[in-house]
Amino acid sequence: MTFTHDFFALALCAMAAGCATPSPPKEFPPGAQQIPAQALKDRLSGRSYTARLSNRTGWHMAYGADGSFRMRTSDGNSDQGRWRTEDSRMCVAFEGPFPSGCSEMRVDDKLLYLQRRGTGEVVALEPAP
């Protein structure tokens with residue numbers, strides 16, 4: 001009887017709006033500002049960053065000073081290509097299966113933020129160790 005009660009409670013919770021998985025953030029945090037293309041280039045060039053998405057997968061991105069770009073995901077996928085900045089956007093032309101394009105970026109006192117092209121989700125980029 002406990003199993004039935006728990007299952008019923010779980011089923012009700014799953015149908016209720018309060019138990020739903022929160023949707024990923026689509027807005028940049030307050031205080032995050034657009035960043036000019038050259039300042040964005042300087043901030044990315046020769047550095048690596050990590051990001052954690054709302055679905056709990058992770059990214060590792062390496063921005064070469066020569067314009068090369070490598071990306072690895074926590075689920076084992078990877079791709080490489082060329083990166084550049086354009087206005088306050090970072091653009092990547094991938095060589096393999098990942099979709100190429102540009103993503104809006106913003107910056108605050110501590111972090112860079114990227115708005116994913118496909119989903120609109122805003123993710124924080126943290127310097128990789």
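Which residue in β8 is the bridge partner of Arg106? The partner is Tyr113, and the legend to Figure 2 places this bridge among the other pairings of β7. All views are drawn from a predicted model.

**Figure 1. Overview of the chain, with two helices and nine strands.** Read from the N terminus, the elements follow the order α-β-α-β-β-β-β-β-β-β-β. The chain has 129 residues, of which 33% are buried. Among contacts with a separation of 6 or more, 39% are between residues 24 or more positions apart. The exposed surface of the chain amounts to about 8,200 Å², and carbon and sulfur atoms supply 54% of that area.

**Figure 2. Strand β7 (residues 101–107) and its pairing partners.** Five of the seven residues in this strand are buried, so β7 is largely enclosed by the rest of the structure. Strand β1 (residues 33–34) pairs with β7 in the antiparallel sense over two bridges; here Gln34 has Arg106 of β7 as its bridge partner. Strand β6 (residues 89–94) is also antiparallel to β7, and four bridges hold this pairing. In this pairing, Cys91 is matched with Cys102 of β7. The connection from β6 to β7 is a hairpin through six residues. Strand β8 (residues 112–115) runs antiparallel to β7 as well, with three bridges between them. Arg106, the bridge partner of Gln34, also has a bridge partner in β8, namely Tyr113. A second hairpin is formed by β7 and β8, with four residues between the two strands.

**Figure 3. The disulfide between Cys91 and Cys102.** A disulfide is a covalent bond between the sulfur atoms of two cysteines. The structure has one disulfide, and its S to S distance is 1.9 Å. Cys91 belongs to strand β6 and Cys102 to strand β7, so the bond ties together parts that are 11 residues apart in sequence. The torsion about the S-S bond is about 105 degrees, and the disulfide is therefore right-handed. The two cysteines are also bridge partners in the β6 and β7 pairing. Is Cys91 buried or exposed? Cys91 is buried, with a relative accessible area of 1%. Cys102, by comparison, counts as partly exposed at 22% relative accessibility.

**Figure 4. The aromatic cluster and the pair formed by Tyr63 and Trp83.** A pair of aromatic rings is described by the distance of the centres and the angle of the planes. The structure contains five aromatic pairs. In one of them, Tyr63 and Trp83 meet edge-to-face, with 5.3 Å from centre to centre and 85 degrees between the planes. This pair links distant parts of the chain, since Tyr63 lies in strand β3 (residues 58–63) and Trp83 in strand β5 (residues 78–86), 20 residues apart. Both residues are buried: Tyr63 has a relative accessible area of 1%, and Trp83 one of 8%. Ring pairs join Tyr63 and Trp83 with Tyr49, Phe69, Phe94 and Phe98 in a cluster.

**Figure 5. Surroundings of Arg52 in strand β2 (residues 47–52).** Arg52 is exposed, and its relative accessible area is 56%. The side chain of this residue reaches the backbone oxygen of Arg56 at 2.7 Å. Which residues does Arg52 contact, leaving aside its neighbours within four places in sequence? The contacts are with Thr57, Gly58 and Val123. For orientation, the C-alpha atoms of Arg52 and Thr73 are separated by 9.8 Å, while the two residues are 21 residues apart along the chain.

**Figure 6. Ser88 in the loop between β5 and β6.** Although Ser88 is found in a loop, it is buried, with a relative accessible area of 6%. Leaving aside neighbours within four places in sequence, Ser88 is in contact with Gln34, Ile35, Leu40, Ser103, Glu104 and Met105. Among these contacts is Gln34, which also appears in Figure 2 as the residue bridged to Arg106 of β7.

Conventions
Residues are numbered from 1 along each chain as its sequence is written. This is a predicted model: local features need pLDDT of at least 70, side-chain atom pairs count only at pLDDT 80 or more; totals for chains, interfaces and linings use all residues. Side-chain values use heavy atoms; hydrogens and water are left out. Rings of Phe, Tyr and Trp (its six-membered ring) pair if their centres lie within 6.5 Å; planes under 30 degrees apart count as stacked, over 60 as edge-to-face and the rest as tilted. Buried means under 20% relative accessible area, exposed over 50%, partly exposed in between (1.4 Å probe, protein chains only). Contact means heavy atoms within 4.5 Å. A polar contact is a pair of N or O atoms within 3.5 Å; within protein, one must be able to donate a hydrogen and the other to accept it, and residues adjacent in sequence count only if both atoms are side-chain atoms. Two strands pair if DSSP finds at least two bridges between them. Accessible areas come from the Shrake-Rupley method with a 1.4 Å probe; for residues, only the protein chains shown count as cover. A disulfide is a pair of cysteine sulfur atoms within 2.5 Å.
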